[in-house]
Every structure is written in C-alpha cells, then in structure tokens.
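Let's walk through this structure together, starting at one residue and ending with the chain as a whole. Keep the viewer open as you read.

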Amino acid sequence: MPQPERFETLVLGSGNGGMYLAWHMARSGRRTAVVERHWIGGSCPNINCLPSKNEIWSAKVADLVHHAASFGAKTGSVAIDMVNVRQRKRGMVAMTLQQYKASGAELIMRTGNFVAPKTLEVRLNDGGTRVLTGDQIFLNIGTHAAIPNVPGLEAAGPLTNIEALELDYVPQHLIVLGGGYVGLELAQAFRRFGSRVTIIEYGPQIAGREDPDVAGEIRRIFSDEGIDILVGAEVRHVQGRSGQHVSLLVRTSSGEQTMVGSDILAATGRTPNTAGIGLDVAGVELDGRGYIKVNERLETSAPDVWAIGECAGSPQFTHVSFDDFRGIRDNLAGGNRTTRDRLIPYCMFTDPPLARVGLSEGEAQLQGIEARVTKLPMSAVLRTHTIGETQGFMKALVAARDDRILGFTMIGPEAGEVMAVVQMAAGRPAIYRCARCDFRASNHGGRAGLALLECAAAKEC
Ligand SMILES: Cc1cc2nc3c(=O)[nH]c(=O)nc-3n(C[C@H](O)[C@H](O)[C@H](O)COP(=O)(O)OP(=O)(O)OC[C@H]3O[C@@H](n4cnc5c(N)ncnc54)[C@H](O)[C@@H]3O)c2cc1C
C-alpha cells in the first residue's frame with residue numbers, strides 16, 4: 001500500500017454541494033482534494049438538470065413552430081434533427097473545470113473506495129493506487145436511476161435519463177415508466193419531437209406528491225398533446241429490446257393488456273450510489289433504502305464525516321445539495337443550522353411548468369392545519385391570452401388562524417418565477433395590497449392572503 005497522502009478536507013463525489021464545499025475549503029487555505037469518477041460538477045450540469053432543460057427548450061421551440069400558424073407566422077414543412085438537438089445540449093456541459101483550478105482544490109478523476117476510516121483508495125490508470133486520508137470527509141456521491149425489478153426489464157436495456165438525452169433519433173413509440181417529474185418532463189419533450197408517448201404510472205395519479213386537482217390539470221394538458229397515460233398500472237413483464245421493439249404486459253384495474261412500443265424509459269426513482277465503496281469499513285451507516293444515515297446537521301455515524309445531497313436522503317434538487325453545503329459550512333464556522341423545516345421550492349419544467357413552495361392542500365389536511373384555499377385559472381390573467389398560454393391555475397393556501405401563506409402551487413407560464421416571489425413572503429402574514437382595488441388583503445371581508453389572487457377568485461374587484 002502506498003504512503004497515505006493527508007488532506008485536511010477530502011470530498012468524495014463532486015455534486016453541487018461537495019463542489020462548493022471543496023472550493024470554499026480550498027480558498028480558505030485548507031489542503032483539499034475531490035475524488036470524482038465521472039462528472040466534473042456532478043449530475044446536474046452533465047446528465048440531469050441542464051441537459052434535460054436544454055432539450056426541453058428544443059422541444060418548446062418545436063412546439064412553437066408547429067403552432068406558428070395560430071400566431072400568424074407561416075412556416076414550411078418542419079422536421080426534427082435529433083443530432084442537432086443533442087449537439088446543442090453537449091455544447092453547454094463543460095464549464096466547471098476552470099473554477100476548480102482557480103479554487104486550488106485538487107480534482108482526482110477516479111472512483112474512490114474506503115479502505116479504512118477516513119481513508120480512501122483510488123485506482124490509477126497505470127494499475128497503481130493512491131491512498132488519501134482526510135481530517136474531515138464529505139460524501140456527495142449522489143444517486144442513479146433505479147431499474148425496477150420487473151422480469152425482462154433489465155434485459156430490454158431500458159433508457160434512463162442519461163441515454164434518453166443522448167438519443168440521436170426520435171423514438172417511434174416511447175413508453176415511459178414513471179409519472180414523476182423526470183418521466184413527465186421527458187415524455188412531453190419527446191412527444192413534441194414527434195414520438196408517440198405512453199406514460200405508465202404505478203400510483204393512482206401522475207405527479208404523485210401533488211394535489212389531485214394539480215395532477216389532473218397536468219394530465220389534461222398532456223392528454224391534449226396526445227400523450228397516453230395509464231395510472232394504477234403495474235408492468236408485469238417486458239420482452240424485446242429498447243430501441244427496436246418492446247412488448248409489455250401491464251395490469252390495471254380493468255385487467256391485463258399488452259402494450260407494444262419501440263423504446264422504453266425507466267423514470268421510476270433513484271438508487272443511492274452507496275453500494276460497494278467500503279462505507280461499512282469507514283463506519284458510515286446506511287438506512288434501509290441504502291441512503292447514508294445523517295442527523296439534522298448532516299453528520300454521519302462516523303466522526304468527522306458528513307454527507308451532502310441525494311446520498312444523504314436530502315430532497316432531490318440541486319439547490320438542496322447547495323443548501324446542504326451552506327449548512328455544513330456555517331456549522332463548521334460555529335453556526336447552528338439544521339435541515340429541519342426547510343422551505344424547499346421546486347419547479348417541474350413541463351410546458352406550462354409546475355412550481356410549488358410550501359404545503360399542498362393535502363399536506364395541510366394531513367397535518368390538521370386549517371387553511372383557506374384559493375384558486376385562480378391562468379385564463380383570468382390577461383397576459384396569458386397575449387401569448388396563447390392560458391392553461392393551468394394558481395392555487396394558494398392561507399392559514400385560517402393567522403393569515404400566513406402556507407403554500408403556493410402554480411401551473412402556468414413562468415410558474416417558477418412567480419413562485420419565487422411568493423416564496424419570499426411564505427410563512428409570513430399576507431399583507432399585500434390588491435393590485436386592482438388597492439385595498440389591503442385584510443379589507444376583503446377577512447379574506448387575507450394573496451390579495452389579488454383572492455380578490456380575483458372571489459370576483460370582488
Ligand atoms: C433528468 C433529471 C433532471 C433533473 N432536473 C433538475 C432540475 O431541473 N432542478 C433541480 O434542482 N434538480 C434536478 N434534478 C436533480 C438534480 O440533478 C440532483 O438533485 C442534483 O444533481 C444534486 O445531486 P447531488 O449533489 O446529490 O449529487 P450528484 O450531482 O449526483 O453528484 C454525485 C457525484 O458523485 C460521483 N460519485 C459517485 N460515487 C463515486 C465514487 N465512489 N467515487 C467517485 N465519485 C463518485 C458521481 O459521478 C457524481 O458526479 C434532476 C434529476 C434528473 C435525473
């Protein structure tokens with residue numbers, strides 16, 4: 001075994017939080033190394049968020065062109081060139097390396113395995129190894145797409161988000177397993193590129209964590225675009241090969257049916273990258289699902305070892321990985337931040353997008369919180385008519401007891417931007433003025449909250 005090299009800060013996995021932590025520590029003068037097997041900057045800029053949003057935008061352009069006539073623009077025949085779609089995506093994924101160099105952190109592009117507590121081994125190309133010890137260790141190793149244990153599915157070579165975003169052809173009939181945000185975003189994009197698309201969801205509704213009216217609206221929008229959706233559907237068996245021909249035996253409440261497609265995409269959740277890397281040797285305990293056990297300060301069961309992002313079971317968004325970094329950084333500087341009660345906004349980049357911050361109606365009911373619910377269809381906002389995007393609604397939840405904004409959900413144009421504004425006020429008593437009648441919200445017969453929304457919904461002004 002080679003002589004161990006000692007680092008003050010050692011980061012395994014270069015996800016968003018781990019990367020910022022490494023840069024912060026290195027810039028603070030600590031000897032820092034990051035061991036990353038594949039993706040400089042982690043999944044978000046390489047294979048997840050940015051590539052998917054990039055291709056989703058190509059799909060939006062395709063959709064606009066297809067509907068150009070309704071805006072008075074005449075086009076000739078339109079074709080999708082997936083090689084160009086892919087090339088555009090590839091062009092934007094290599095931006096992070098320079099910042100690594102500038103930070104002073106050493107980036108070691110290898111797979112890391114623990115061989116002892118706080119000791120990592122990395123195998124080199126020439127067959128040799130490096131052994132690295134860290135005074136403080138940070139695990140930011142992420143997750144990968146889960147392939148459900150359905151007979152024949154693995155042998156069918158299903159696409160995950162990674163391969164789907166690398167396709168250079170438009171699948172003739174894409175069958176999407178899973179109606180969560182990854183499945184929904186990609187389903188709509190490929191429909192707009194010209195695929196026939198079927199979504200198969202095991203649960204009772206797509207977008208399973210949203211209220212039924214929200215999921216219903218997305219389903220309606222998708223159905224209008226010609227996307228077939230099966231809910232409460234269990235795939236029993238798969239035959240064939242994705243990219244050629246696949247045949248699925250699917251069971252629903254109305255019996256069994258055989259579905260035939262050309263390609264199959266597995267978007268049924270994530271599995272943590274924690275297996276087979278010696279975490280047991282390092283004294284890092286896992287929970288029953290393989291995620292790293294952490295407390296509210298993201299400390300693992302091993303002293304001086306923290307976990308960040310998805311591998312720690314944190315909500316699966318890049319901004320959460322970044323927030324995990326901020327919490328750890330502040331605590332190491334003497335702070336007392338925890339992950340408890342974090343307000344986590346998110347956006348699903350379908351078209352129109354779905355954005356939410358705070359509680360849904362169902363969550364408020366489950367928690368026994370009395371709340372007023374107010375809804376405004378997007379068609380009531382005149383701006384949406386000017387751009388021909390009138391689908392969706394805004395839905396706000398306001399605490400009955402003290403008028404605090406508890407939650408806001410929107411399906412509609414620029415939902416993520418609108419939600420960000422509401423987020424700033426969430427948790428506080430709503431003191432907005434109604435933009436139409438200039439009355440304070442509380443003047444509206446006690447109906448406080450998002451004043452304009454409530455006024456407009458109640459048609460009071
Ligand atoms: C299709 C898709 C779209 C998404 N879109 C969005 C979005 O729009 N907005 C959003 O907020 N979130 C989105 N997400 C989620 C987001 O990508 C993740 O939550 C985010 O990347 C945070 O991940 P992380 O920091 O936990 O780890 P990751 O970014 O996954 O980083 C983990 C890193 O660890 C490395 N690694 C693992 N094991 C080892 C090892 N043993 N040795 C060395 N290196 C190792 C991996 O190669 C990887 O680079 C999307 C996810 C998917 C799948």
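**A walk through the chain**

Once its neighbours within four places in sequence are set aside, aspartate 211 is in contact with Gln205, Ser360, Glu361, Gly362 and Lys395. Please keep in mind that this is a predicted model. Aspartate 211 sits in the loop between β9 (196-200) and α8 (212-224). Is this aspartate 211 buried or exposed? Its relative accessible area is 6%, and the cut-off for buried is under 20%, so aspartate 211 counts as buried.

A second aspartate makes a good next stop. Aspartate 263 lies in strand β14, which covers residues 263-266. With a relative accessible area of 1%, aspartate 263 is buried. Which residues does aspartate 263 touch, leaving aside its neighbours within four places in sequence? The list includes Tyr169, Pro171, Gln172, His173, Leu174 and Ile175; Leu159 is in contact with aspartate 263 too, as are Ser242, Gly243 and Val246. You can also look at glycine 240: its C-alpha atom is 9.7 Å from that of aspartate 263, and the two residues are 23 residues apart in sequence.

For a contrasting environment, turn to asparagine 295, in the loop between β15 (270-272) and β16. Here the relative accessibility is 35%, so asparagine 295 counts as partly exposed. Between the C-alpha atoms of asparagine 295 and alanine 312 there are 9.5 Å in space, with 17 residues separating them along the chain.

Now for the aromatic rings. The count comes to nine aromatic pairs. One of them joins tyrosine 20 and phenylalanine 322: the ring centres are 4.9 Å apart and the planes stand at 80°, which makes the pair edge-to-face, because planes over 60 degrees apart fall in that class. This pair links distant parts of the chain, since tyrosine 20 belongs to helix α1 (residues 16-27) and phenylalanine 322 to helix α9 (residues 318-332), 302 residues apart. Tyrosine 20, at 30% relative accessibility, is partly exposed; phenylalanine 322, at 24%, is partly exposed as well.

Phenylalanine 317 and tyrosine 346 give you a stacked pair, with 5.4 Å from centre to centre and 5° between the planes. Phenylalanine 317 lies in the loop between β16 (305-307) and α9, while tyrosine 346 is in strand β17 (residues 346-348), so this pair ties together parts that are 29 residues apart in sequence. Both phenylalanine 317 and tyrosine 346 are buried. Going back to tyrosine 20 and phenylalanine 322, you will find them in one aromatic cluster with Trp23, Tyr100 and Phe325.

Finally, step back to the whole chain. How many helices and strands does the chain have? There are 13 helices and 21 strands. The radius of gyration is 24 Å, close to the 23 Å that the globule rule gives for 461 residues, so the chain is as compact as a globular protein of that length. Along the principal axes, the C-alpha atoms fill a box of roughly 75 × 55 × 45 Å. Of the 461 residues, 48% are buried. Among contacts with a separation of 6 or more, 61% involve residues 24 or more positions apart. The chain exposes about 21500 Å², with carbon and sulfur atoms supplying 52% of that area. As for charge, the mean positions of the 48 positive and 49 negative charges are 3 Å apart.

Terms used. Residues numbered from 1 in each chain as written. Predicted model: local features only at pLDDT ≥ 70, side-chain atom pairs only at ≥ 80, totals over all residues. Heavy atoms only, no water. Helix = DSSP H or I, 4+ residues; strand = E, 2+ residues; numbered from the N terminus. Rg over C-alpha atoms; globule rule 2.2 N^0.38 Å. Buried < 20%, exposed > 50% of the residue type's maximum accessible area, 1.4 Å probe, protein only. Contact = heavy atoms within 4.5 Å. Areas by Shrake-Rupley, 256 points an atom, 1.4 Å probe, with all protein chains shown as cover. Lys, Arg positive; Asp, Glu negative; His and termini not counted. Charge placed at Lys NZ, Arg CZ, Asp CG, Glu CD. Phe/Tyr/Trp six-rings, centres within 6.5 Å; stacked < 30°, edge-to-face > 60°.
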